[in-house]
Amino acid sequence: MENTNFEVVFEDKLQRNEMIEPKDWMPDNYRKHLIRQISQHAHSEIIGMLPEGNWISRAPSLRAKMVLLAKVQDEGGHGLYLYTAAETLGISRDELLDALHTGKAKYSSIFNYPTLTWADIGAVGWLVDGAAIMNQVMLQRTSYGPYSRAMIRICKEESFHQRQGYEIMCHLAFGTPAQKQMAQDALNRWWWPTLMMFGPTDDKSPNSANAVKWKIKRESNDQLRQRFVNQTISQTEYLGLTIPDKDLKWNEERQAYDFGTPDWTEFENVIKGNGPCNKERITARVKAHTEGAWVREAAQAFADKRKESAVAA
Ligand code: FAQ
């Protein structure tokens with residue numbers, strides 16, 4: 001006989017590692033948690049286009065420009081998949097964007113730092129996309145179907161982005177001494193903010209308990225941060241660069257690297273809206289949205305017209 005206790009059916013599905021789909025019953029808090037996380041993620045993708053877009057007109061070669069253009073365009077696409085996944089939870093695109101534009105919704109702290117030189121574009125691809133992949137590989141197995149499927153596609157593209165960044169770092173690190181210094185300076189600027197991307201330490205992460213219980217997150221902020229550090233050291237050594245952390249050392253017992261503590265006060269400030277570029281990012285985003293109103297209207301008029309013709313036919 002079919003089980004009519006919705007909560008039991010929901011828990012059973014989670015236990016069996018089956019996906020929860022939009023039409024399935026789900027607890028209100030599960031729905032709210034997903035809307036919060038997926039929309040923050042979507043906002044991060046489209047705000048993340050800004051620091052990189054800043055270099056499209058100044059990329060050092062036509063090839064570099066084409067690759068960067070494609071990457072920034074991919075990020076826009078990731079935002080769209082994620083907004084669509086969030087909409088399946090019963091919230092509209094307008095509500096989601098309004099929360100971003102009015103500062104009610106967060107987006108990743110990392111995009112509030114400036115990209116000062118071309119080497120920063122390398123560091124963003126290598127480190128920021130590298131950290132994003134570390135987090136997103138786990139999210140491919142998240143319990144909500146539309147989010148999981150969006151992540152599978154996004155992860156494929158992020159791997160290309162990470163290589164694009166590492167290629168820039170290789171060119172600079174194996175170039176002239178001045179280029180190598182540019183690469184080192186960018187690493188110095190992006191290392192700590194990248195570690196902060198994984199979120200607060202597990203003991204200070206209020207959302208983690210529910211996220212793990214509901215199989216939204218499969219690994220904790222600290223576990224992922226540790227894996228990222230372990231993986232990145234050999235890549236840095238290959239480049240001949242130095243990670244700006246005097247506490248970094250191999251721990252034989254743990255079979256992992258020990259590393260220093262990020263400046264959590266800086267992190268708090270950035271997520272409260274007081275990072276180096278928060279205001280600039282939101283202003284640019286609101287301007288693009290306002291100036292793009294005619295495009296949305298034209299697209300809607302076109303869609304309505306096609307629908308009318310289809311009904312008439
Ligand atoms: N920035 O309890 P937790 C990318 C907030 S995509 C800002 O640990 P949770 C691709 C958190 O929201 C990068 N806020 O939270 C790309 C919460 O506040 P709330 C984005 C942060 O959700 C590359 C509070 O602190 N990726 O980069 C951050 O369990 C290049 C307490 O934290 C995702 O969003 C932060 N770094 O864990 C694009 C992945 N960390 O909401 C363009 C999906 C924490 O209660 C160019 N998201 N907070 O007011 C996640 O996996 C999780 O949401 C975490 C945070 C891990 C970010």
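Biologist: Which polar side-chain atom lies 2.6 Å from an oxygen atom of the ligand?
Modeller: That atom belongs to S205, and its partner is an oxygen atom of the ligand at 2.6 Å; the pair falls under the polar contact definition, which asks for N or O atoms within 3.5 Å (within protein, one must be able to donate a hydrogen and the other to accept it, and residues adjacent in sequence count only if both atoms are side-chain atoms). Please keep in mind that this is a predicted model, in which local features need pLDDT of at least 70 and side-chain atom pairs count only at pLDDT 80 or more, while totals for chains, interfaces and linings use all residues. Residues are numbered from 1 along each chain as its sequence is written, and side-chain values use heavy atoms, with hydrogens and water left out.

Biologist: And what does N221 do with the ligand?
Modeller: N221 places a polar side-chain atom 2.9 Å from an oxygen atom of the ligand, whereas S109 uses a polar backbone atom, which is 2.8 Å from a ligand nitrogen.

Biologist: How much of the ligand does the protein bury?
Modeller: The protein buries 91% of the 1,000 Å² that the ligand exposes when taken alone, with areas from the Shrake-Rupley method and a 1.4 Å probe (for residues, only the protein chains shown count as cover).

Biologist: Which residues come nearest to it?
Modeller: Q40, K106, S109, S205 and K217 come nearest, out of 35 residues around the ligand, where being near takes a heavy atom within 4 Å of the molecule.

Biologist: Switching topic, how many salt bridges are there?
Modeller: The structure holds 16, each being a side-chain nitrogen of Lys or Arg within 4 Å of a carboxyl oxygen of Asp or Glu.

Biologist: What does K71 pair with?
Modeller: K71 pairs with D129, and their closest N and O atoms are 2.8 Å apart. This bridge links distant parts of the chain, since K71 sits in helix α4 (residues 62–87) and D129 in helix α6 (residues 118–139), 58 residues apart; helices here are DSSP runs of H or I with at least four residues, numbered from the N terminus.

Biologist: Is that K71 buried or exposed?
Modeller: K71 is buried, at a relative accessible area of 1%, and D129 is buried too, at 5%; buried means under 20%, exposed over 50% and partly exposed in between, with a 1.4 Å probe and protein chains only.

Biologist: Which residues are linked with K71 and D129 in a network of salt bridges?
Modeller: E52 and E75 join K71 and D129 in that network.

Biologist: What does R189 meet in a salt bridge?
Modeller: R189 meets D120, at 2.8 Å from N to O. R189 is in helix α8 (residues 177–196) and D120 in helix α6, 69 residues apart. R189 is partly exposed at 30% relative accessibility, but D120 is buried at 0%.

Biologist: What is Q164 in contact with?
Modeller: Leaving aside neighbours within four places in sequence, Q164 is in contact with V67, L68, K71, I121 and G125, contact meaning heavy atoms within 4.5 Å. Q164 belongs to helix α7 (residues 145–173) and is buried at 6% relative accessibility.

Biologist: Last one, how many disulfides?
Modeller: There are 0, counting pairs of cysteine sulfur atoms within 2.5 Å. As for individual cysteines, C155 is buried at 6% relative accessibility, and C277 is buried at 4%.

Notes. Helices (H or I, at least four residues) and strands (E, at least two) are DSSP runs, numbered from the N terminus.
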